[in-house]
Amino acid sequence: MRFLRVQAAVLALLVISLTAQERGKPSASPDVFLVTIDTLRADHVHCYGYNPVQTPALDGLAKDGVRFAQAFTPSPITNTSHTSILTGLLPSRHGVADFAVPLARTHLTLAELLRNAGYKTAAFIGSVVLDSTEFAPGLDRGFDFYDNFPHPARTKSRWGRLERRGMDVAQRAEVWLNRHPVGPRLVWIHLYDPHDPYDPPPPYSRIYKDRLYDGEIAYADFALAHLVSYLGKRHRYDKSIIIAVGDHGEGLGEHHEQTHGIFLYDSTTHVPLIVKLPEGTSAGVVVKEQVRTVDILPTILDLLHISNPALLDGASLSPYFSNASENERTVLGETDYPLHFGWAPLRSVRANGLKFIEAPRPELYDLGRDPGETTNEYAPWDPNVQKFRALLATRRNETQVPSASPASVPQSTIDELMALGYFTRNDAASSTSVPDLSLLPDPKDKIEDQNLLHQAMISIEGGETAAARAALETVVRVDPDSFIALRQLGQLELQAGDFADAVKHLSYARELHRNDPSLAFQEGQARERTGDLNGAREVLADSLKLDPTDFPARLLLGQICLRLKDLKAAEDQFAAALLLRPGEGRAQLGLVKVQLASGNFLKASEMLESMTQSQSDDAEVFELLAQSYAGLGKEGKSEQAAKRARTLRRSPQE
């Protein structure tokens, strides 16, 4: 703890010194720094009354700025909540309620609005979940520089592939600031560290060894302190607008939710929000009235005297800066993430000291008597319930947007999403086809399943396959029809080489969800490895009916037809595969093998002679060439090709 006390004292002295140096240096167009800290509960920040963690940087900003004690996000999912911050719109208005859903161009972002006003703009993200080329298309609009992750990934490590440490993000931002010293500048910095799995670096892993979530928060605060120090040394701190906000919270077991995304309780929607204004304006003000993260964009525009877009769900927070009494703002909450599991989506209203959650089993809480939201007082005739339901119905009618589909992303990208512990809407199987979403299971009845599924995904990413298998098997014991658990178990067994069990799990999953071509392909792979060639052929044919452009499925089906000696079908599949990927070596070799099996040695040799030019280091090409020459009676050429093949087998790099 001595380390923490020293760190806090040094940072406090630094902020005081920097503030004293910079008073009285006005700027007509201040720099704007938006710092979003992922998965940050308000009640786990020191200046919000939580003493077990030290957050001197956030505490310093609160001392120099305005701290909102009751700020709430409309969504407990990272890309959705950030889209609301950057547009000032509710999820049902901006339409980004799922991963990889593009933000409509009709919705202007904060970066677009400020760049139009002469700002240089840059964004530095801490997780691939906000990568604008994959999971967050459109969030990069208006940014001169958006620090996406490399594609393809340059490392197999989690760091740099799925997420970046907070110090890495802060330092990347500082490099950009050094290259663009003249403002005004808008810089968005996203610190992902508190998101699970909780793995803070030393010394935070040691100091907070029994509270790793708090350790991640302390480390993220350290990265923020580095940025604050950087700005101070360049006499930018006092002149700038700095906003620090959590994008959503974390369940930590409350209401049985270990992480976030499923529920709309305060544990995952109550976030810290601190606004530091230029020149010490409103320093130390604490606002107790309820506000929203959708209020951030209109606040920045108000401070910079930039006109608002025509459509906003938020409003400027400026009236609160003078510490004058203001009305609280009604908070609306939305989560469609339960649909990813085939469960009902949730909506909520938080107003007048009450929380109403619309669900298959609705909930009403008196937050004054029951801040933990543990005693459900719902009654359909309650006038507050009727008022809140009318409000939700009105908002639903006002904010209806055309249903947007996630952008097409490769399986490798979906794998990255699952490595972060998230599932895609495709995992919901066909259960969301019910006529009324309220007929779907209530997430309250399924939350333990979600905890286990999330644990399994994190275990798989960490290489702990035994733990993942145990978690998934537990889900299947409780819910034998859990499509997600069956699918993941099948994939685990396929990777482990237990092909019979893989077939068992994947075939049952496919009975539950017949419209998934990748699932059919995986079952085909497993059946082929068990020797069930006819079964594999049938499943792969089903897969290709659903997705005729699936090259791996066509290639495998061609190979299976070849083994079944159905040469015409094999030739058709290899030819179709080459239409999808012209010149692809495995498909070309498949066609060669069809020619050899047909006794057409001349045609095979002609194809192989051409291939030796482009695949001169492929031993199989020369082995097949040797066979074709032998079939033509060209023994000398056959031996020469065979010798080349043996050489390549011994020395693949030659």
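**Figure 1. Surroundings of serine 316 in the predicted model.** Serine 316 has a relative accessibility of 15% and therefore counts as buried, the cut-off being under 20%. In this predicted model, the residue belongs to the loop that connects helix 10 (296-303) with strand 9. Aspartate 295 is 21 residues away along the chain, yet its C-alpha atom is 5.7 Å from that of serine 316. Beyond the neighbours within four places in sequence, serine 316 is in contact with Asp295, Pro298, Thr299, Asp302 and Arg329. Its side chain also forms a polar contact, at 3.0 Å, with the side chain of serine 318.

**Figure 2. Helix 10 and the elements that cover it.** Helix 10 is largely enclosed by the rest of the structure, because six of its eight residues are buried. These buried residues are Ile296, Leu297, Pro298, Thr299, Ile300 and Leu301. Their cover includes two helices and several strands: helix 3 (78-87) and helix 5 (110-116), together with strand 1 (32-37), strand 6 (241-246), strand 7 (270-276) and strand 8 (285-292). After helix 10 comes histidine 305, which has a positive phi near 60°.

**Figure 3. The second largest cavity.** Four cavities of 30 Å³ or more are present in the structure, and the second largest encloses about 50 Å³ of space. Its lining is formed by Phe72, Thr73, Leu264, Thr269, Val331, Gly333, Ser348, Arg350 and Lys355. Strand 9 (331-335) and strand 10 (346-351) are the elements that each supply two or more of these lining residues. By residue class, the lining comprises three nonpolar, four polar and two charged residues.

**Figure 4. Lysine 355, a residue of the cavity lining.** Lysine 355, which helps to line the second largest cavity, is located in strand 11 (residues 354-358). With a relative accessible area of 2%, this lysine is buried. A polar atom of its side chain lies 2.9 Å from the backbone oxygen of leucine 264, and leucine 264 is also among the residues lining the cavity. Apart from neighbours within four places in sequence, the contacts of lysine 355 are Leu264, Tyr265, Asp266, Ser348, Val349, Arg350, Glu363, Leu364, Tyr365, Leu367 and Glu373.

**Figure 5. Helix 8 and histidine 235.** Helix 8 (residues 212-233) contains 22 residues and spans 31 Å from its first C-alpha to its last, close to the 32 Å expected at 1.5 Å a residue. The helix is mostly covered, with 18 of its 22 residues buried. Histidine 235 follows helix 8 and is placed in the loop leading from helix 8 to strand 6. The phi of this residue is near 60°, a positive value in a residue other than glycine. Histidine 235 is partly exposed, its relative accessible area being 32%.

**Figure 6. Backbone geometry at selected loop positions.** A cis peptide bond, with omega near 0°, joins glycine 183 to proline 184. Proline 184 is part of the loop between helix 6 (166-179) and strand 5 (185-191). Another cis peptide bond runs from aspartate 196 to proline 197, also with omega near 0°; proline 197 is placed in the loop between strand 5 and helix 7 (204-207). Asparagine 352 occupies the loop between strand 10 and strand 11. Although not a glycine, asparagine 352 has a positive phi of about 55°. This asparagine is exposed, with a relative accessible area of 54%.

Key
Residues numbered from 1 in each chain as written. Predicted model: local features only at pLDDT ≥ 70, side-chain atom pairs only at ≥ 80, totals over all residues. Heavy atoms only, no water. Helix = DSSP H or I, 4+ residues; strand = E, 2+ residues; numbered from the N terminus. Expected span 1.5 Å × (residues − 1). Buried < 20%, exposed > 50% of the residue type's maximum accessible area, 1.4 Å probe, protein only. 1 Å grid on protein atoms, 1.4 Å probe; cavity = no way out; pocket = protein on both sides within 12 Å on 5 of 7 lines; lining within 4 Å. Points joined across faces, edges and corners; volume = space filled by probe spheres on them. Nonpolar A, V, L, I, M, F, W, Y, C, P; charged D, E, K, R; others polar. Contact = heavy atoms within 4.5 Å. Polar contact = N/O pair within 3.5 Å; in protein donor to acceptor, adjacent residues only side chain to side chain.
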